[in-house]
Amino acid sequence: PNMNLAAQALGYTNDAGKGLIGVEKAFQDRLSDPVKRAEPLVLALDVRVQQAMQNELAALITDQNAKGAAGVVMDVNSGEVLAMVSLPDFNPNAPGQRADGTKYTTENDDGSRFNRVTLGGYELGSTFKAFTIATALETGVLTNLQKQYDATRPIEMGGFRIRDDHAKNRWLSVPEIFMYSSNIGTARMALEVGRDRQRDYLEKLGFMKPLEFELQEKARPQSPSLSNWGQLATMTISYGHGLTVTPLHLANGY
């Protein structure tokens, strides 16, 4: 009845009633059992939050001329997903048709049935700086937020240059590194943390394996092998490059 709302999360069935994606697939046995299906299957999704997020992301796609968008809202206490939006989306009542009513073919599939929140793997960039600072605090590398790191010039290593998009060209305190999104300062902090502790904490935050949740559409994060996880990888991963995770991983980590 809500048309496209939460389409990838809810999923759809084939003509025989078999769930093919989303909740319909994940709870196939529960939903097809004559006794169990008498009781409603209650989800954590809140249609009001879902609608608000879907509207905002749709507006952003128009404004930015984007190919797609994804967003998730979680309850920080329980981890329940209150909203999960992946655009473009589709109408589960007619899953074989695009939004314009034409049938899907190999050539015109717009990826609307692909859940970017749970199945899309991305290098999520500067959002990872919070995790680097948190790891430095947890491990005792940072005992004072006024500790400063040299961001006067780019870091040159192995033919690569790590620079700041909004360079201040000076030493920065930890809050300044976060506020100005300094790649240089974050990279230097990560070197002090070290590869092993960085990897350990990313693993504790759930970034090294698929998340445990009901939907079956879930991506496996991509990260360097230990042999390729040297100083350069330690630095780039500190600001979200060189490791791919899903948006749901990111929200869960926060």
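Helix α7 (helices being DSSP runs of H or I, at least four residues, and strands runs of E, at least two, numbered from the N terminus) is followed by G194, whose phi is positive, near 90 degrees. The model is predicted, so local features need pLDDT of at least 70 and side-chain atom pairs pLDDT 80 or more, while totals for chains, interfaces and linings use all residues. Residues are numbered from 1 along each chain as its sequence is written, and side-chain values use heavy atoms, with hydrogens and water left out.

At the other end, a side-chain oxygen of S182 comes within 3.5 Å of the backbone nitrogen of I184 at the start of α7. Eight of the 11 residues of α7 are buried (under 20% relative accessible area, 1.4 Å probe, protein chains only); among them are I184, M189 and V193.

This helix also gives four residues, the largest share, to the largest nonpolar core. That core (buried Ala, Val, Leu, Ile, Met, Phe, Trp, Tyr and Cys joined through side-chain atoms within 4.5 Å) has 17 residues, and L142, Y149, I162 and M189 have the most contacts inside it. Beyond neighbours within four places in sequence, M189 is in contact (heavy atoms within 4.5 Å) with T132, I133, A136, L142, Y149, V174 and I177.

A190 and V193 turn up again in the lining of the largest cavity, together with residues including F128, Q198 and I237. Helices α5, α7, α8 (195-204) and α9 (231-238) each give two or more residues to this lining, and α5 supplies the largest share, three residues.

Terms used. Buried means under 20% relative accessible area, exposed over 50%, partly exposed in between (1.4 Å probe, protein chains only). A polar contact is a pair of N or O atoms within 3.5 Å; within protein, one must be able to donate a hydrogen and the other to accept it, and residues adjacent in sequence count only if both atoms are side-chain atoms. On a 1 Å grid over the protein atoms alone, a cavity is a set of points where a 1.4 Å probe fits but cannot get out, and a pocket is an open set with protein on both sides within 12 Å along at least five of seven lines; lining residues have an atom within 4 Å of a point.
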